[in-house]
Amino acid sequence: WSPQAEVIYTISDGDGALRVSLCGGPALPLRPEGPNNAVLSVGSLGDIVFGRALVAEGLRVQFGHADLIFRRVTAEEGGSEAFFASAAGEYWSEDGACRLVIRSEDGAHRASFSDGHGASEVMLEPLNGRLALARRSVGQLPFAMAFSLQTDGGVIISTSRTRFLRFDRV
């Protein structure tokens with residue numbers, strides 16, 4: 001996770017090959033490049049380069065002109081409860097003209113989005129007291145997003161196409 005990019009990459013070893021997912025989306029194969037890097041090609045947008053050797057602060061990720069350090073996020077004991085204790089409530093996004101409600105119901109953690117055109121709900125998977133992922137399939141298309149609680153009480157949501165969509169507590 002990077003606070004500068006508000007993005008969560010998940011790197012896994014599947015079938016003997018490194019794979020990466022963005023904000024909880026589908027895992028895509030990485031190709032080795034030299035002894036220290038792995039690369040995800042994203043078509044006309046270029047390559048995302050992941051430094052295989054961890055630097056002291058985390059994992060180095062280069063994409064376009066950005067060169068960022070991503071910190072390792074691990075599941076914390078009690079992270080789910082801590083996330084919902086801080087996040088539960090109603091929010092509004094001025095940029096998205098959208099309402100967000102985060103709630104726990106019957107042991108399930110949910111985020112509901114609504115605007116003048118309709119509503120949608122996703123199940124939340126907290127990673128720790130500050131970060132959560134949500135995944136959903138819309139038809140054949142997988143959709144995933146990362147939730148990041150801010151110190152001022154707001155929430156930032158990022159997807160593979162949208163970054164820094166801010167929701168302020170109502």
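**Close-ups of a predicted model**

**View 1. E90 and the residues it touches.** In this predicted model, E90 touches R99, L100, V101, D168, R169 and V170, leaving aside residues up to four places away in sequence. One of these partners, R99, also meets E90 side chain to side chain, in a polar contact of 2.9 Å. L100 sits ten residues from E90 along the chain, yet their C-alpha atoms are just 5.8 Å apart. E90 itself belongs to strand 9, which covers residues 89-93. Is E90 buried, exposed or something in between? Its relative accessibility is 34%, and because buried means under 20% and exposed over 50%, E90 counts as partly exposed.

**View 2. Helix 1 and its two faces.** Helix 1 spans residues 79-87, and its buried residues are G79, F83, F84 and A87. Look down the helix axis and these buried residues fall within an arc of 125°, so they line one face of helix 1. That fits the usual geometry: an α-helix has 3.6 residues a turn, so residues three or four places apart point the same way. Turned away from the buried side are the exposed residues E81 and A85. Just after the helix comes G89, with a positive phi of about 145°.

**View 3. The five-stranded sheet.** Here's an open sheet with antiparallel pairing and the strand order 4-5-6-7-8. Strand 4 (31-33) and strand 8 (66-70) are the edges, each pairing on one side only. Ignoring direction, neighbouring strands of this sheet are turned by 30° against each other on average.

**View 4. Zooming in on strands 6 and 7.** Strand 6 (residues 47-51) pairs with strand 7 (residues 59-63) in the antiparallel sense, over three bridges. Opposite V49 you'll find Q62 of strand 7.

Key: Residues are numbered from 1 along each chain as its sequence is written. This is a predicted model: local features need pLDDT of at least 70, side-chain atom pairs count only at pLDDT 80 or more; totals for chains, interfaces and linings use all residues. Side-chain values use heavy atoms; hydrogens and water are left out. Helices (H or I, at least four residues) and strands (E, at least two) are DSSP runs, numbered from the N terminus. Buried means under 20% relative accessible area, exposed over 50%, partly exposed in between (1.4 Å probe, protein chains only). Contact means heavy atoms within 4.5 Å. A polar contact is a pair of N or O atoms within 3.5 Å; within protein, one must be able to donate a hydrogen and the other to accept it, and residues adjacent in sequence count only if both atoms are side-chain atoms. The arc is that of the directions from the helix axis to the C-beta atoms. Two strands pair if DSSP finds at least two bridges between them. Axes are lines fitted to C-alpha atoms, for helices over the stretch in contact, and angles run from 0 to 180 degrees between N-to-C directions.
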